[in-house]
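Got the viewer open? Let's take a walk through this model together, one selection at a time.

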Amino acid sequence: MRVYLDDERDTPPGWSRTYWPDPTIALLATGAVTELSLDHDLGDDARGTGYDVLLWIERAVAERGFVAPRLRVHSANPAARLRMRAAIEAIERLSGLAAGDEDAAD
């Protein structure tokens, strides 16, 4: 399953849409997510951001050996993109994966 977390953009064909971190994390916890594309700003920071999903993944990898899906960032927020890329690199290091998955720019 390919999951697209975003509050405004159109969902790309072949992707399942989520709007908030909690449902995204629930899908990740099933182990069925093979690819995840994240926006940062979701319209209500009190409900969380795409970065919060990455923090959950990082913790799950470190604590439980969770196998992270392929991760992408499509946020237009430049500072958040950098922070999210750094989180993905940390997840890759923890997972023993080679870095180099390119961001999907929108």
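Start by selecting Arg70, which is partly exposed, with a relative accessible area of 40%. Before going further, keep in mind that this is a predicted model. Now add Glu35 to the selection: Arg70 forms a salt bridge with Glu35, and the closest N and O atoms are 3.9 Å apart. Arg70 sits in strand β4 and Glu35 in strand β3, so this pair ties together parts that are 35 residues apart in sequence.

Stay on Glu35 for a moment. Is Glu35 buried or exposed? Glu35 counts as buried, at 8% relative accessibility. Next, bring in Arg2, because Glu35 forms a salt bridge with Arg2 too, and Arg2 counts as partly exposed at 32% relative accessibility. The closest N and O atoms of Glu35 and Arg2 are 3.2 Å apart. This pair also links distant parts of the chain, with Glu35 in strand β3 and Arg2 in strand β1, 33 residues apart. Arg2 and Glu35 meet in another way as well: Glu35 in β3 is the bridge partner of Arg2.

Now add Arg72 and show all of these side chains at once. Arg2, Glu35, Arg70 and Arg72 are linked in a network of salt bridges. How many salt bridges does the structure hold? There are 5.

For one of these, select Arg9 and Asp6. Their side chains meet in a salt bridge, with 2.6 Å from N to O. Arg9 is partly exposed, with a relative accessible area of 23%, while Asp6 counts as buried at 0% relative accessibility.

Time to switch to a cartoon view and look at the sheet. The sheet is open and has 4 strands in the order β2-β1-β3-β4, with parallel pairing. Which strands stand at the edges? They are β2 (16–18) and β4 (70–73); each has a single partner strand, so one side of each is left without a neighbour in the sheet. Look along the sheet and you can follow its twist, which averages 20° from one strand to the next.

Let's walk across the strands. Select β1, residues 2–5, together with β2: these two run parallel and are joined by 3 bridges. Click on Leu5, whose bridge partner in β2 is Thr18. Then pick out helix α1, residues 21–30, which packs on the sheet and touches β1, β2 and β3 (35–38). The direction of α1 makes about 165° with that of β1.

Go back to β1 and look towards β3. β1 and β3 run parallel, joined by 4 bridges. Here Leu5 turns up again, standing opposite Leu38 in β3.

Colour β3 by residue and inspect its two faces. Both are covered: Glu35 and Ser37 are on one side, Leu36 and Leu38 are on the other, and all of them are buried.

Carry on to β4. β3 and β4 pair in the parallel sense over 4 bridges, and Leu38 stands opposite Val73 in β4. To see how the chain gets from β3 to β4, trace it through helix α2, residues 50–64: this β-α-β crossover is right-handed.

While you have α2 highlighted, click on Arg64, which lies in this helix. Arg64 is exposed, with a relative accessible area of 55%. Which residues does Arg64 contact, leaving aside its neighbours within four places in sequence? Show Trp56 and Arg59, and you have them.

The next helix to select is α3, residues 78–95. Helix α3 lies across β3 and β4, and runs at about 170° to β4.

To finish, select residues 1–89. According to the UniProt annotation, from an unreviewed entry, this stretch is covered by "domain: Cyclic-phosphate processing Receiver". Over residues 1–89 the chain is 42% helix and 17% strand. If you mark the C-alpha atoms at the ends of this stretch, they are 22 Å apart.

How values were computed: Residues are numbered from 1 along each chain as its sequence is written. This is a predicted model: local features need pLDDT of at least 70, side-chain atom pairs count only at pLDDT 80 or more; totals for chains, interfaces and linings use all residues. Side-chain values use heavy atoms; hydrogens and water are left out. Two strands pair if DSSP finds at least two bridges between them. Axes are lines fitted to C-alpha atoms, for helices over the stretch in contact, and angles run from 0 to 180 degrees between N-to-C directions. Contact means heavy atoms within 4.5 Å. Buried means under 20% relative accessible area, exposed over 50%, partly exposed in between (1.4 Å probe, protein chains only). A crossover is right-handed if, with the strands pointing away from the viewer, the path from the first strand over the helix to the second runs clockwise. A salt bridge is a side-chain nitrogen of Lys or Arg within 4 Å of a carboxyl oxygen of Asp or Glu. UniProt positions are given in the numbering used here, feature names are shortened, and annotations may be inferred rather than shown by experiment.
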